[in-house]
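Grab a coffee and open the viewer. Here are two short exercises to work through with the structure in front of you.

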Amino acid sequence: MALPADILWSSIASGRYSVSAWLVFRAGATARQLVNFTAEPMSLLYSASRACAYRSFSDDFSGACVPVNYSFDATIPDNRTYVSGGGSVYVDAGNGNPAPSLYTESRNGYASFFIDYSPRPFSASAPFSLQYFFRASLQNTDYLEINFFVDLDGDLSPDLELIYYGSGGGTSPRSMAPVIYGRSLPVLARKAPGFTNQANVWYTITIQQVYATGMVVGVALTAYSDPGTAKIWWDNVSFQRCAFPSYIGAVTAGGSVTMVYVDDVSSPSTPPSVATEVDAKCAGDPGTCYGLSAATYNMSARLGSPVAASGFSFSLKGLYVKNATDARNNVAYVSVGVDTDGDGYVDTEFIFYRNDTAGGGGRIVPVFSTTTTVHTYRLGAMVPGGSYVWNGSLPSGQQGNVLYIALAAVDASGNADGTADDFWVFWDDLSFSYYACDPLPPGWSASGDLIYRSLISGGISYAANFTGARPCGFYFLDGNLNPVFGVEVEPDGSFKVVCGASSYALTVPGVRWVDLRFLSGVYEAILRDGSGGILEKRACSAAYSRSDCRAF
């Protein structure tokens with residue numbers, strides 16, 4: 001046998017193989033080892049895979065409301081008592097409907113049981129009911145009071161004291177705000193619906209809606225008499241606690257009642273809904289006087305991570321309501337907040353709006369302070385009392401991730417105290433679709449539709465199992481993540497080699513593997529079958545050095 005000699009072997013791409021070759025001389029026990037190595041197939045080298053698919057999600061906000069019942073058989077969080085004169089407040093273990101119950105006795109003053117709801121406020125639009133009992137009918141100077149403290153601007157501090165009261169004939173219930181909060185508030189007193197001034201019977205007071213807007217941050221059950229004595233038992237307090245889920249925040253800047261809350265009464269479909277109420281800051285230039293009220297739906301808090309902006313779409317219903325004196329210079333919109341550069345902050349907003357601008361030109365402003373780019377899309381008009389659909393989609397190939405969906409209302413003119421000159425949008429039935437992928441393998445990064453990593457020193461890059469949405473590709477990228485060289489799989493299953501500005505079509509059946517060889521001065525793409533056999537190859541001149549590129 002003449003040396004050197006050609007040694008040939010074959011293998012399949014899916015199994016480990018070893019090669020050993022010896023040269024043995026016939027005369028004598030002499031041998032020389034020529035080859036001895038074991039190789040792993042491509043399928044057992046470094047690999048990374050990631051599955052992606054379109055997913056849908058919907059939210060009707062029904063989880064924002066939960067029933068609350070107090071029978072005074074357990075400790076109520078964040079409660080305090082306030083008494084003057086010879087009054088007393090305690091849980092009566094022997095009386096109730098059934099026992100126990102809360103007992104308040106006022107003697108020439110007040111006796112009040114207060115619950116602080118500022119750590120967990122609830123919507124003032126919710127219904128509220130309780131039962132009461134007294135052994136002697138109330139006199140003209142005796143009062144049964146349910147004191148609600150309502151936040152009207154979203155700062156968790158009360159702006160209004162709302163008193164529902166019953167009496168033997170008096171019409172001047174006592175404000176408890178100076179006692180509980182140390183300051184006076186505007187007071188709105190209403191007779192308690194269902195109140196009956198009759199002793200020795202348990203009666204029910206049912207309030208259909210505590211107040212039309214705002215959040216309840218405190219409730220007091222008060223017996224008041226001056227002069228005199230009032231002895232009142234309370235039991236079976238019941239209400240619907242509607243409050244923000246953890247994934248909804250608020251951005252507000254406006255007049256006296258500009259806020260976001262969960263509403264238990266109004267909705268374009270079925271309550272509850274997310275309400276954005278807004279009033280302009282002043283009556284002058286809309287550019288400086290506009291008011292903004294926006295609920296921000298945090299995608300990471302809701303889903304566990306942001307979602308890809310490319311292909312994102314949404315649909316949402318809204319009910320538009322305005323105060324009779326509002327100037328109709330109003331815009332309501334859904335803003336999709338996108339982070340395009342990966343720094344974790346919104347920099348681009350896609351705003352889909354409807355407007356009622358019979359009284360002015362309206363105003364559209366970014367919801368997020370970090371926004372630098374705004375794209376607007378008009379969906380149509382809206383008229384007071386109408387329910388509408390807001391829907392839209394982001395451009396295919398849009399870079400970045402969706403961080404928030406903002407539900408916004410902007411009032412561009414008209415300002416007044418309270419709810420005068422305000423308008424509301426009650427949002428419900430949010431749904432959205434997005435392209436979601438498994439978590440990235442270690443060392444990989446994402447930018448829009450691109451998934452990439454740094455090159456492995458001395459390695460050959462290849463891809464396999466081209467499945468899923470097409471077209472898709474496997475490339476070397478330059479520093480700006482533009483394809484330099486690679487293979488693209490077309491919708492019909494054919495392949496296209498991309499080399500700079502040039503491309504070459506390859507129509508080859510049975511492709512299982514693609515090698516991308518990044519050689520000195522030349523790029524080489526090799527299409528292989530399941531056994532590793534070469535089906536076709538294509539080479540082109542290299543325009544970049546290896547250090548300039550990253551793999552995709």
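Below are two tasks on this predicted model, each with a worked solution.

**Exercise 1: the largest cavity**

Work out which residues line the largest cavity and how they divide into nonpolar, polar and charged.

*Solution.*
- Start with the count: there is 1 cavity of 30 Å³ or more.
- Next, its size: the largest cavity has a volume of about 50 Å³.
- Now pick out the lining, which is made up of Tyr70, Ile115, Tyr117, Phe128, Val219, Leu221, Val237 and Phe239.
- Sort those residues by type and you get 8 nonpolar, no polar and no charged.
- Finally, check where they come from: strand E14 (residues 215-242) gives the largest share of the lining, 4 residues.

**Exercise 2: the setting of Thr371**

Decide whether Thr371 is buried or exposed, then find what its side chain pairs up with.

*Solution.*
- Place the residue first: Thr371 sits in the loop that runs between strand E22 (348-356) and strand E23 (373-381).
- Then look at the relative accessible area of Thr371, which is 13%. Buried means under 20%, so Thr371 counts as buried.
- On to the polar partners. The side chain of Thr371 makes a polar contact of 2.6 Å with the side chain of Glu349. The Thr371 side chain also reaches the backbone oxygen of Phe368, at 3.2 Å.
- Last, list the contacts of Thr371, setting aside neighbours within four places in sequence: Val346, Asp347, Glu349 and Pro366. Glu349 turns up here as well as in the side-chain polar contact.

Definitions and conventions. Residues are numbered from 1 along each chain as its sequence is written. This is a predicted model: local features need pLDDT of at least 70, side-chain atom pairs count only at pLDDT 80 or more; totals for chains, interfaces and linings use all residues. Side-chain values use heavy atoms; hydrogens and water are left out. On a 1 Å grid over the protein atoms alone, a cavity is a set of points where a 1.4 Å probe fits but cannot get out, and a pocket is an open set with protein on both sides within 12 Å along at least five of seven lines; lining residues have an atom within 4 Å of a point. Grid points are joined across faces, edges and corners, and a volume is the space filled by probe spheres set on the points. Helices (H or I, at least four residues) and strands (E, at least two) are DSSP runs, numbered from the N terminus. Ala, Val, Leu, Ile, Met, Phe, Trp, Tyr, Cys and Pro count as nonpolar, Asp, Glu, Lys and Arg as charged, and the others, Gly among them, as polar. Buried means under 20% relative accessible area, exposed over 50%, partly exposed in between (1.4 Å probe, protein chains only). A polar contact is a pair of N or O atoms within 3.5 Å; within protein, one must be able to donate a hydrogen and the other to accept it, and residues adjacent in sequence count only if both atoms are side-chain atoms. Contact means heavy atoms within 4.5 Å.
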